[in-house]
Amino acid sequence: MEISAKTEYAVRAMLELADASDPWSAPVSVDVLAQGQGLPRKFLEAILADLRRAELVISTKGSRGGYQLARPASEIAVGAIFRAVDGPLAEVRGRRPHQTEYDGVAKHLPVLWVAVRSSLRQVLDDTSLEQLRSGDLPGHVRDLAAEPDAWSSR
């Protein structure tokens, strides 16, 4: 799986917003978000528009305008951020894994594709933005990251 720059930047921007969030905080400007994570401003603006359409952030116009999380970070799954900017978590040539069908010796591939999607969901949908921000990740996510070869390239 390749995580796009767009998705990576979206998660990083959302982490910045989560870190700045409290009931009395002012909206965070695009410039502050871009500087906080070293992100390209114009690209970030497009990403924030996607996040706004997905109702993950709200925007305020004006001189004191900017962005805030639409709900608490504990209620935003990391998977929702992925979907907001890049669409479904797993696709096979533009189709959902469960929509694939093959003949002959490849007939069992849909089961594998669905399992891949399921494993992504177990990590990304079970991890909230707040858990990621604080480092208090779900046990099964920590277990996966602690596997002996998890940090090795293959």
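These questions and answers cover the core, the strand pair and two backbone angles of a predicted model. Local features need pLDDT of at least 70, side-chain atom pairs count only at pLDDT 80 or more, and totals for chains, interfaces and linings use all residues. Residues are numbered from 1 along each chain as its sequence is written, and side-chain values use heavy atoms, with hydrogens and water left out.

Q: Which helix supplies the largest share of the largest nonpolar core?
A: A nonpolar core is a set of buried (under 20% relative accessible area, 1.4 Å probe, protein chains only) Ala, Val, Leu, Ile, Met, Phe, Trp, Tyr and Cys residues joined through side-chain atoms within 4.5 Å. The largest one has 32 residues, and M14 and L69 are among those with the most contacts inside it. The largest share, 7 residues, comes from α1.

Q: Which residue in β2 stands opposite V57?
A: Strands are DSSP E runs of at least two residues, numbered from the N terminus, and two strands pair if DSSP finds at least two bridges between them. β1 and β2 (residues 66-69) run antiparallel, joined by 4 bridges. Opposite V57 stands L69.

Q: Is E55 buried or exposed?
A: E55 is found in the loop between α3 (41-53) and β1 (57-60). E55 is not a glycine, yet has a positive phi of about 60°. Exposed means over 50% relative accessible area. E55 has 59% relative accessibility, so E55 counts as exposed.
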